Amino acid sequence: MTDILPKQMTDDQLALRRKGIGASEVGRIMEGNWLSLYEEKLGIKQPDDLSTIFAVQLGMQTEPFNIFWCQAMFPQYFSESDINLNNGPIDRVSLASYQHPNLSYSFLSATPDAWCTIDGEHGVMDCKHTNPNPWGKIKYDSAEDRVLDTYKWQMQTQMMCTETRVSMISPIYGNTFGPPIICYEDKALQEQILERVSEFWEHVQLECEPVDMKAVKAPVLTTETLRILDEDDIADTNYSSEWHDNAKHWLDSIDAKKTNEKVTKQLKSLMPADARQATAYGIRIRRSKSNSLTISPQ
């Protein structure tokens with residue numbers, strides 16, 4: 001039981017945290033909350049103690065299960081290599097941290113929760129345990145939109161540091177597991193990040209106290225702002241032939257379903273009103289006590 005009790009950060013962990021900016025801290029910079037983070041980086045003040053914050057600790061405890069469950073429910077998003085690498089986080093062993101590949105931004109780092117593969121492209125995954133409400137700082141159309149927009153800075157930073165172009169958020173909303181949210185590389189957002197975090201880090205290096213800034217203006221991301229692909233786009237992918245074959249079967253099944261519904265209605269109309277069951281020519285029609293009819297193979 002003691003292994004899952006919350007612990008405060010050690011002095012060594014705090015010292016390491018002061019040497020750079022992590023992906024989870026980028027949002028604070030982009031939102032303009034500079035002074036408090038600056039004071040943490042210089043050791044003037046300790047970061048907030050999250051060891052007794054229930055929501056934070058709950059998210060940490062559910063993270064291994066989140067990864068495990070996402071792999072089980074959405075296997076199409078994980079390669080065999082991903083699953084092998086993710087055994088570590090599932091066993092509560094964090095993945096390695098990655099610094100930005102450009103030495104000019106080597107102070108920027110990210111530690112993915114897990115790995116995933118989207119349409120054949122290797123990517124990073126982040127787990128979130130959050131509330132199911134669609135509102136946050138603004139009103140969103142859905143909780144999914146809120147999560148995507150809230151963590152856009154963190155996910156773009158993770159992609160930069162790991163040199164990937166796609167990422168995935170796996171959300172748990174209260175006690176409901178939500179579908180994965182796919183995020184793609186956005187060069188404009190990444191340029192905004194690099195410009196703003198460089199400015200902030202200069203204050204840290206020069207020990208020049210900053211003032212809080214205005215939040216960076218950026219488009220509100222929603223699932224509606226994700227990519228829209230046409231047939232030419234699909235034709236260029238490695239799954240185009242599979243898409244083509246399944247699309248044909250899907251279209252054919254629509255016609256079959258319409259035909260089945262029409263014939264079902266006609267067969268039920270032929271059932272004598274005084275019959276409880278009729279079996280003939282490979283099908284069986286039963287009448288329930290509530291007088292509803294069901295058809296099944298004989």
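## Salt bridges and burial: worked exercises

K248 has a relative accessible area of 48% and is partly exposed (buried means under 20%, exposed over 50%, partly exposed in between, with a 1.4 Å probe and protein chains only). The model is predicted: local features need pLDDT of at least 70 and side-chain atom pairs pLDDT 80 or more, whereas totals for chains, interfaces and linings use all residues. Residues are numbered from 1 along each chain as its sequence is written, and side-chain values use heavy atoms, without hydrogens and water.

**Exercise 1.** Determine how the side chains of D252 and K248 meet, and how far apart the two residues are in helix α10.

*Solution.*
1. D252 and K248 meet in a salt bridge, with 3.2 Å from N to O (a side-chain nitrogen of Lys or Arg within 4 Å of a carboxyl oxygen of Asp or Glu).
2. Both residues lie in helix α10 (residues 240–270), 4 residues apart, so about one helical turn separates them; helices are DSSP runs of H or I, at least four residues, numbered from the N terminus.
3. D252 has 39% relative accessibility and therefore counts as partly exposed.
4. Elsewhere, salt bridges with shared partners join R17, E25 and K41 into one network.

**Exercise 2.** Find the salt-bridge partner of E40, and state whether E40 is buried or exposed.

*Solution.*
1. The partner is R28, and the closest N and O atoms are 3.1 Å apart.
2. This pair links distant parts of the chain: E40 belongs to helix α3 (residues 34–41) and R28 to helix α2 (residues 23–30), 12 residues apart.
3. E40 is buried, because its relative accessible area is 8%.
4. R28, at 24%, is partly exposed.
5. By the salt-bridge rule, the count comes to 8.

**Exercise 3.** Describe the salt bridge of E185 and K187, and classify K187 by its accessible area.

*Solution.*
1. The N-to-O distance between the two side chains is 3.4 Å.
2. E185 counts as partly exposed at 29% relative accessibility.
3. K187 is exposed, its relative accessible area being 51%.

**Exercise 4.** Identify the side chain that D149 contacts, and establish how many residues of helix α7 are buried.

*Solution.*
1. D149 is placed in helix α6 (residues 143–150).
2. At 8% relative accessibility, D149 is buried.
3. Its side chain makes a polar contact of 2.8 Å with the side chain of K152 (N or O atoms within 3.5 Å, one able to donate a hydrogen and the other to accept it; residues adjacent in sequence count only if both atoms are side-chain atoms).
4. Helix α7 (residues 152–162) is mostly covered, with 11 of its 11 residues buried, including K152, W153 and C161.
5. E163 follows α7 and has a positive phi, near 55 degrees.
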